[in-house]
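Q: Could we go through the pockets of this model together? I would like to know what lines them.

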Amino acid sequence: MPAPQPPMTQQSASAGPVPPVLAEVVRSGFVEGRHRGSLVVLAADGGVELALGDPAAPVFPRSANKPMQAAGVLRAGLDLAGERLALAAASHSGESFHRDLVRTLLAEHGLDAGQLQCPPDLPLDPEERDAFLAAGAVPDRVTMNCSGKHTAMLAVCAERGWPLDSYLDPGHPLQRLIHEVVEEAAGEPVAAVGTDGCGAPLMALSLTGLARAFRSFVLAAPGTAERRVADAMRAHPEYVAGTRRADTWLMREVPGTLSKMGAEAVQAVALPDGRALAFKIEDGATRALGPVLARALALIGVTGPVVARIGRSPLLGGGREVGEIRAAF
C-alpha cells in the first residue's frame, strides 16, 4: 500500500487546511480539474492502515448514516426483515419495485403517503426519471429516495404510540434513540446535528468513526439489530440502491460487503473480515465517487470486474470518449 500523501498545508486561518487531491479530471491528456478530500482505511483489526487528508475531522455522512438509522428503528421495536429492512436503509432509485414496496409498507402499518415528511421528488435514477416523466407522473413523497427510511420511522412510531407529526424532531424519542445508536456504532460522540435533505436529523461523525460504524455492523453478533441491517442490505442490495447503482453492484458481486453512499460525495464500505473504508470528496462532486471508491477497494484487496466497472468515469468530447476522471492516490 502506498504511503500517505504529504501533510496538508495551511491555506488560511479561516479556510483551514487544504486536503489532498483524491481524483483528477483528465481531458485529452490534460489535467483540467481536481477533486480533494479525505479518506481512511481500517485494517481487519480496526486499526488505521491508511489516512489521507483529515479523517478525524467531522463530516455529515448524509445517507451513509442510514444503516444506523435503520438499526435504531429495529431497536425501537419495529420487526422488519428482508427487502423491507433493506428499504429502510435505502437511498433507492425510485424504480417501480421501490415505490411499490413503500406503498405496501405504509398500508401494512395503517399509514398513508401523506404522513411522510420527506419532500416530493422524482426518481434518483436518470433512466427511471425519464420514464417517470414520460408517463406523465409528477414528484411525490413515495418516489423520494429516502421514503423507505421515513416509512420505517413512521411505522415504529405508530407501533409505540409515539407522536407521528413530530417524528423528525431531534428531541423525538425515536431520534434520541437513533442518536445513541450512531454514537455507539461509531465509537465517538456526535459532533453536530443538522437537517438532512430529506428533513431527518443528521448526525456528524469523523470518517474514521463512520468506517468503524460500518465495521461494527458486519462484525456484530447474528440477531442483533446491527447485524440484521447489514444482512438485509447485503442480501437485497437492489432495494438499498437500484439496478444501476455502484452500491448494488458491489454488494451483489463481492459477497459479504456492506456499502452505502451518501450525498455530497460520501462513501463507506466494510468487508466481512472487518476491513473498512470511508471517504468524502470535499466539493461534493459525486462524479469522483466511482474512481476514488475503486482505488480504495483495490488498496484493501478487492479486485475483479466490478471494481473496474465502478471506477470507470469517462469524459466525452464531440460524442466520443476523450478522457476520464481518475484516482490520484
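The exchange below covers the pockets and then one helix.

A: Certainly; please keep in mind that this is a predicted model.

Q: How much space lies in the largest pocket?
A: The largest pocket holds about 740 Å³ of space. Its lining comprises 31 residues, and R245, A246, M261, T286 and L289 are the closest to its centre.

Q: Which helix gives the most to that lining?
A: That is α11, with four residues. Both α10 (246–253) and α11 (289–299) supply at least two residues each.

Q: And what is the lining of the largest pocket by class?
A: There are 14 nonpolar, nine charged and eight polar residues in the lining of the largest pocket.

Q: Moving on, how much space lies in the second largest pocket?
A: About 200 Å³. Twelve residues line the second largest pocket, and those closest to its centre are P19, S38, A57, V59 and E282.

Q: Which strands each supply at least two residues there?
A: The strands β4 (30–42) and β6 (58–59) do so. By class, the lining of the second largest pocket has seven nonpolar, three charged and two polar residues.

Q: Back to α11: why is it largely enclosed by the rest of the structure?
A: Because nine of its eleven residues are buried, α11 is largely enclosed by the rest of the structure.

Q: Which residues of α11 are buried?
A: They are L289, G290, P291, V292, L293, A294, A296, L297 and L299. Among them, L289 is also one of the residues closest to the centre of the largest pocket.

Q: What follows α11?
A: G301 follows α11, and the phi of G301 is positive, near 90 degrees.

Methods: Residues numbered from 1 in each chain as written. Predicted model: local features only at pLDDT ≥ 70, side-chain atom pairs only at ≥ 80, totals over all residues. Heavy atoms only, no water. 1 Å grid on protein atoms, 1.4 Å probe; cavity = no way out; pocket = protein on both sides within 12 Å on 5 of 7 lines; lining within 4 Å. Points joined across faces, edges and corners; volume = space filled by probe spheres on them. Nonpolar A, V, L, I, M, F, W, Y, C, P; charged D, E, K, R; others polar. Buried < 20%, exposed > 50% of the residue type's maximum accessible area, 1.4 Å probe, protein only.
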